[in-house]
Amino acid sequence: MVSEKVITNIKNFMFKFQECTKKSGDRAKLIAVSKKKEFQLIQLAHELGIKFFGENYPQELRDKNIQKTEKNLHFDWHFIGRLQKNKIKYVVGKADLIHSIDNFELVEDIQDYCKKHNIKQKVLVQINISSDPNKGGFLMKHLQSIIPKIEKKEHLQLCGFMTILEDNLQDEEIRDYYREMYKISQNYIFNDDIEISMGMSKDYTIALEEGSTMVRVGTEIFGPR
Ligand SMILES: Cc1ncc(COP(=O)(O)O)c(C=O)c1O
């Protein structure tokens, strides 16, 4: 059962998000992170106006996508979790955008799968901007060599960058890292609409101020998991 409180929470968050994006030019998209949340809640959030949902686990995405198809709903999945070779089939072609390209083997594996199934897959390159040993993503020093190689893969469409920060940072450190992400993205304009996926529940307002085009927010919308 979805409670009134949940509905109010979703509506309140959407209002706050719209207020923030007004200030930053209205371009940013809200990716509602729905991992571990039941499909009924996703459907409700969609009815309230959310168009993009982020999932972390391949099989969960596959299962929820079956429900989406059965109910003939029109919203996009974004895949934001770690992806392993044997799970590519659950995600590629189902997620509109994969945010978490964090190693070159994965690039080659997705390219091979897409070629075989005649799919073009939109992706973001995950950057480990704070060089945190506990986080995935490419280190800055590898970017320059990796980007042209990804751009050459004809079944991948590179749309921009994503980052995840560790939990224990101060606001000013968060701002500095997000600012750096923006600067990097300006060196790699693949098209006019380069995407920068950064910002979660605790720091999405800072991310939007620093040029995020996609915030991935779960807890603030749906409550704790
Ligand atoms: C990659 C990624 N982005 C965003 C989120 C959403 O985090 P929060 O619930 O803090 O908004 C998660 C949650 O697990 C995540 O894994």
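Let's start with A32, which stands opposite V217 in strand β8. Please keep in mind that what we have here is a predicted model. A32 belongs to a pairing between β1 and β8, parallel in sense, with four bridges. On β2, A32 has another bridge partner, and that is F53. The chain gets from β1 to β2 by way of helix α2, residues 39–47, and this β-α-β crossover is right-handed. The β1 and β2 pairing is parallel too, and it has three bridges; β2 covers residues 52–55.

How covered is β1 itself? Strand β1 runs over residues 29–33, and four of its five residues are buried.

Now let's move along to β4, residues 97–101. Here, five of the five residues are buried, so the strand is largely enclosed by the rest of the structure. On one side we have β3, residues 76–79, which runs parallel to β4 and is joined to it by two bridges. If you'd like a residue to look for, H78 has L97 as its bridge partner in β4. Then there is β5, residues 121–126, which pairs with β4 in the parallel sense over three bridges. L97 turns up again here, standing opposite K122 in β5. And how does the chain cross from β4 to β5? It goes through helix α5, residues 104–117, in a β-α-β crossover that is right-handed.

Next, the nonpolar core. The largest one has 53 residues, and A32, our starting point, is among those with the most contacts inside it, together with F79, V91, I98, L124, M181 and V215. Strand β6, residues 156–162, gives the largest share of this core, with five residues. Let's pick out F79 from that group. Leaving aside residues up to four places away in sequence, F79 touches E55, L61, V91, A95, I98, H99 and S100.

A charged residue to look at is E195, in strand β7, residues 195–197. Is E195 buried or exposed? E195 has 23 C-beta neighbours inside 10 Å, and 20 or more is the cut-off, so E195 counts as buried. Its contacts, again not counting residues up to four places away in sequence, are L124, C159, G160, T213 and M214. L124 is one we met in the core. Also, E195 and V123 sit 72 residues apart in sequence, yet their C-alpha atoms are 9.9 Å apart in space.

Let's turn to the ligand. Which residues are around it? They are V33, K35, N56, I80, I164, M200, S201, R216, V217, G218, T219 and E220. Two elements give two or more residues to this shell: β8, residues 214–217, and α9, residues 219–222. You'll recognise V217 in that list, the residue opposite A32. By class, the shell has five nonpolar, four polar and three charged residues.

Before I finish, two asparagines out in the loops. N72 lies in the loop between α3, residues 58–70, and β3. Its phi is near 55°, a positive value in a residue other than glycine. N72 counts as exposed because it has 6 C-beta neighbours inside 10 Å. The other is N118, in the loop between α5 and β5. N118 also has a positive phi, about 55°, although it is not a glycine. With 8 C-beta neighbours inside 10 Å, N118 counts as exposed.

That's my tour, and thanks for listening!

Methods:
Residues numbered from 1 in each chain as written. Predicted model: local features only at pLDDT ≥ 70, side-chain atom pairs only at ≥ 80, totals over all residues. Near = placed C-beta within 6 Å. Nonpolar A, V, L, I, M, F, W, Y, C, P; charged D, E, K, R; others polar. Buried ≥ 20, exposed ≤ 12 C-beta atoms within 10 Å, placed from the backbone. Pairing = 2+ DSSP bridges. Right-handed = clockwise from strand over helix to strand, strands pointing away. Core = buried A, V, L, I, M, F, W, Y, C linked by C-beta atoms within 7 Å. Contact = placed C-beta atoms within 7 Å.
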